[in-house]
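Work through the exercises below with the sequence and the model open. Each task is followed by a solution in steps.

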Amino acid sequence: MKRLQYIGLLLSLIFIGCSDLEEVPVGQLSPDGLINSPEDVQTLVNGAIGNMATEAYWGRKLSLPIMLRSDMVSIGDQGTPGRRQDVDRFSMASDNGMVTALWPRAYQVIAGTNEAIAAAARLDSPAEQLNPVVGQAYFFRAYTYYHLVRLFGDIPYLDAPVENIDDAKTISKTSADQVYANIIADLEMAKEMLPNTQSVRALPSKATAAAFLASVYLTLGEFQNSYNEAKFIIDGEAEFNLGLASDFQDLFNHSKQAGLNEFLLSLDFNGFSEGNDGRDYTPALTGIRANERGNIGGGWSVAVPTINVYNSWDGRDYRKAVSLDTTGIFGGEELRFDRFPEFDSRNIQSAYIAKYTRAIGPTGTGNGRASSLNYALMRYAEVLLIAAEALNEISPGSGEAVGYINRVRARARAGNGSDFPADVVSGLSQEEFRDLVLEERKWELAFEFKRWYDIKRRQLGSEVFGPNGLEPQPNFDPSRDYLFPLPFDELDRNPNLAPNNTGY
């Protein structure tokens, strides 16, 4: 059984989604000795990462739901498939096609990391060669479970290759608390094993592991631990080769990303496509229909900010100009968003997301699919904001916390030479500063797949989806909608996963 698993996994490595990662050719791995070196283990890790850069994971099935679930992005084209609209409107069922596709692909990522960790344990290789590779496997296993536990709560937890398929059909759920404990343990291992820097930002470093530890602890409300991990990175900024990009726009410019040191982790799409492998749908999903700008054939007008987002975002903020497109090109003429529906009725009268359509480089197919843009899964700016938020919870009124916010704001001001956003002044109450940090995250990380998790961890749903929110959603039910439903087909295959989450 194990040999069949290895062969099946290696066949999946014929295509690797992350173009900056080196592969060991499949033909060099013989069936009698499939994993003989740290380089072979790296191939297994690369295969796991390759599963992330697919339509069924970050290409669409994970990235789109967590974007739509926020209060900053809604459905534009009302003719788009109902499974997407149900995610946005809090009317999901357990057979929702976004969930049923995401779940197995996430566990494929996990299976790849488990195979890598198990294979490495059988090698007699020097620790200095093996540990940096195994650290990647621990990291990506933790990263994948971190999404799953936040989305689904109690889930099956697998930390070893599945030897017997019948056993897999009877596994029970692990409590969310235990899943979080396992995530922390994996990230601690990764932090110990990984190097200070990597040759490409698609691979995690010691600082990357610490950054996700800081995020996990923030989610759990363990603010001292969260601050400690963030401060570890900030104190080692030079050692870890980190800093804020001088121009916020460069973060979303394909031609500039490789030269930046703000990314602690990026997902690398490579600009070509074989089926749905390596295909990036976000430009298509967020693009303006019939828009001639960029020469990619326009977009699909699916994930679009409500007009309330545009109206509430201060126009002096350079990040607004980077994040939103307020005009399109139609018939060779540049026109404002209130005229978008004239050229395709599926457009809406609102500013559209610009981060994934403005400078995406070569694409493998129309509408910007299979773009060359890399996706920031963790930026140094977020580390600064995590440190500020956590420190405010343990030491209200801290000048240090104010300084972290002001550093992020200074970069924003530098973009257009304005005096906005102004530096935060001291003297704010703990609650005022808490609200300020969450607002800063909302604008700094807008449309970067973070907002839903902020809403969930701070239990803001009733407020932000209420009548005075950016995106009123009358269906939102706090007793149900902070979790997704477990996929019905998984429950059918394994009754031990029952019951489903509350309300489904």
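A residue counts as buried when its relative accessible area is under 20%, as exposed when that area is over 50%, and as partly exposed in between. The model used in these exercises is predicted.

**Exercise 1. The surroundings of E389**

Task: Decide whether E389 is buried or exposed, and find which side chain makes a polar contact with the side chain of E389.

Solution:
- Step 1. Locate the residue: E389 is part of helix α17, which covers residues 380-394.
- Step 2. Apply the cut-off: E389 has a relative accessibility of 1%, so E389 is buried.
- Step 3. List the contacts, leaving aside neighbours within four places in sequence: L218, V437, L438, R441, R457 and R458.
- Step 4. Look for the polar partner: the side chains of E389 and R457 make a polar contact at 2.8 Å.

**Exercise 2. Cis peptide bonds before proline**

Task: Which residue is joined to P421 by a cis peptide bond, and which to P499?

Solution:
- Step 1. Recall the background: most peptide bonds are trans.
- Step 2. Check omega at P421: the bond from F420 to P421 is cis, with omega about 0°. P421 sits in the loop between α18 (399-416) and α19 (430-444).
- Step 3. Check omega at P499: A498 and P499 are joined by a cis bond, again with omega about 0°. P499 belongs to the segment after α22 (488-493).

**Exercise 3. Positive phi at two asparagines**

Task: Where do N241 and N367 lie, and is each of them buried or partly exposed?

Solution:
- Step 1. Recall the background: most residues other than glycine have a negative phi.
- Step 2. Take N241: its phi is positive, about 55°. N241 is found in the loop between α11 (223-235) and α12 (254-257). The relative accessible area of N241 is 40%, so N241 is partly exposed.
- Step 3. Take N367: its phi is also positive, near 65°. N367 is found in the loop between β7 (352-353) and β8 (374-379). The relative accessible area of N367 is 13%, so N367 is buried.

**Exercise 4. The hairpin of β5 and β6**

Task: In what sense do β5 and β6 pair, and which residue in β6 is the bridge partner of F330?

Solution:
- Step 1. Mark the strands: β5 spans residues 327-330 and β6 spans residues 333-336.
- Step 2. Read the pairing: the two strands are antiparallel, with four bridges.
- Step 3. Find the partner: F330 is bridged to E333.
- Step 4. Inspect the turn: two residues separate β5 and β6 in this hairpin, and G331 in the turn has a positive phi of about 60°.

Conventions
Residues are numbered from 1 along each chain as its sequence is written. This is a predicted model: local features need pLDDT of at least 70, side-chain atom pairs count only at pLDDT 80 or more; totals for chains, interfaces and linings use all residues. Side-chain values use heavy atoms; hydrogens and water are left out. Buried means under 20% relative accessible area, exposed over 50%, partly exposed in between (1.4 Å probe, protein chains only). A polar contact is a pair of N or O atoms within 3.5 Å; within protein, one must be able to donate a hydrogen and the other to accept it, and residues adjacent in sequence count only if both atoms are side-chain atoms. Contact means heavy atoms within 4.5 Å. Two strands pair if DSSP finds at least two bridges between them.
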